[in-house]
Amino acid sequence: MQGLMQDWPLRVSTVIDHAARYHGEREVVTRTVEGPVERCTYRDVHGRARRCAAALAGLGVREGDVVATLAWNTHRHLEAWYGITGAGAVYHTLNPRLFPEQIAYIAGHAEDRWVLADTSFVPILEQLQDACPGIEGFVLLTDRQHMPATGLRNALCYEELLADADPDFAWIQGDEGAAAGLCYTSGTTGNPKGVLYSHRSNVLHSLACNGADALALTSRTVVMPVVPMFHANAWSIAFSAPMAGAKLVLPGPRLDGASVYELLDTERVSFTAAVPTVWLMLLQHLEESGSELPYLQRVVIGGSAVPRVMMETFEKRYGVEVLHAWGMTEMSPLGTVGVLKAGMDALGFDERIGIKLKQGRPIYSVEMKIVDDAGRELARDGEAFGHLLVRGPAVVSEYLKGEGGALLDDEGWFQTGDVATIDPEGFMQITDRSKDVIKSGGEWISSIELENIAVGHPGIAEAAVIGIAHPKWDERPLLVVVPVEGAAPSREDVLDFLRDRVARWWLPDDVVFVDEIPHTATGKIQKLTLREQFADYRLPTAR
Ligand code: AMP
């Protein structure tokens, strides 16, 4: 027997409708690309998004078309997302941190028809427009006064388009399963692959993110997503903030410590989110300037693991609660958030930090398990570690155009490519990437755990561990180290330090010292490059 409730399509336009109607006066504050800080409201964003949708329809954009954005976090970018989806089209966030050739490949693969871009990205677009014949034109997210002289074809001024557009445009009412957004994974191997979010997955994911044991945004929260909208949906905040009626502060192009601090302070931000690199810059600025964070209550950190000292500094020195989060583009992106459970508040500081340093527990709608190489489920005992598999309504089912083939197993589980433990309370901890874990004599050694311990050595600034082929053990760990400036730790010294802290069979077979460890565009250690660099390396134990 079917239920007898209404079929109310979960379209993202319902989010901005709700914000405009019930939180119409709530502010959206932007540090603009042009420089000044500007203020508008959810009512303004709603009205302008409708004009944006009308303007796009006027340019010939139809249901299912893909419209790209190449933009910082600003109110115009936010309006564009709601405008594009409201016109029935799909917003496609291009990542300006990629090489122009990669952006051109992605724009071509996605079949982008128009690009809405900040003026700061005009030089990149001029470089790649010839490689993207499918792009009909470019809308520059600025007013007439700031329109640059450009050789871009069909370069239009966003504010002029909006001024001339129908303010009463009615949202296209399509199926909730229709595509709404598109974001390509950073793709450490092969070409980047497109993750195509639906209206339904975006709405459900944002509802889940707003759970009280997750991001818990409310109409009283002041939220600043420093995480860019081009990085996996800005961790849902572009939807979950208007859904809750939270005041939204958008930092535009300036993500340095001083600029981020200025907005945290003047706008009294209570909740913010970004990757560790951003918080490193902020903490440095705070220390140098002697500033405090009186308004900030919670900071979400994810994208890569939160270093212990960062968590301790926020919590102890500044009284800000850190929520460690994990996710991936393929998961819309949030999978886990490290909010403590009942009883855990009573634990001592170190114990609490120990739990919070794990990547967190699944938000509602994310199913999770760990398995061994043969696909057998492993114990949730916080000890066993295996491939992390996920399932849920906001998890990818296949990449755009079937790239990379079938993604799910027979039961619908998606391989995250991460290796993790899950403890009895449900807290998950990443111990490695599947392709980075070191397989020694049939057992696994966590490269990340070794790295974390190694950087505890006072003479080590950065450490990376990779597996090197070994005739007896299959693979053995090699520790690659960047020494702290002025320090010169010896191989023996480093191994002695580790000897007391890891199981004997985990001890690296060798240590090499380098000036630099390669990183990806998103700040992660590039193990692939490192492995190539050491492809001919022979361990002393293998000779
Ligand atoms: P992306 O799709 O670019 O966001 O990358 C997702 C990947 O980043 C995950 O599969 C993890 O390997 C890594 N990642 C994300 N959050 C964390 C975290 N909190 N700790 C460790 N690794 C993380």
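Which residue has a polar backbone atom 3.2 Å from a nitrogen atom of the ligand? In this predicted model, that residue is A305, one partner in a polar contact (a pair of N or O atoms within 3.5 Å). G303 contributes similarly, with a backbone N or O atom 3.1 Å from a nitrogen atom of the ligand. H231 instead offers a polar side-chain atom, 3.4 Å from an oxygen atom of the ligand. On its own the ligand has 500 Å² of accessible area, and the protein covers 89% of this (Shrake-Rupley method, 1.4 Å probe).

The shell around the ligand holds 15 residues, each with a heavy atom within 4 Å of it. A325, T329, Q359, D418 and R433 are the closest. By type, eight are polar, four nonpolar and three charged, with Gly counted as polar. Strand β14 (residues 321-327) supplies four residues, the most of any element; strands are DSSP E runs of at least two residues, and helices H or I runs of at least four.

Turning to the interior, the largest nonpolar core has 144 residues. Such a core joins buried residues (under 20% relative accessible area) through side-chain atoms within 4.5 Å. L248, W279, L293, F314 and W326 touch the most other members. Helix α2 (residues 42-58) gives the most to this core, eight residues, and both domain 1 (13-252) and domain 2 (365-433) provide at least three. Another core, of 22 residues, lies apart from it and includes W444, A463, V465 and V494.

Residues are numbered from 1 along each chain as its sequence is written. Local features need pLDDT of at least 70 and side-chain atom pairs pLDDT 80 or more, while totals for chains, interfaces and linings use all residues, and side-chain values use heavy atoms, without hydrogens and water.

Definitions and conventions. Buried means under 20% relative accessible area, exposed over 50%, partly exposed in between (1.4 Å probe, protein chains only). Domain bounds come from an automatic or database domain assignment. A polar contact is a pair of N or O atoms within 3.5 Å; within protein, one must be able to donate a hydrogen and the other to accept it, and residues adjacent in sequence count only if both atoms are side-chain atoms.
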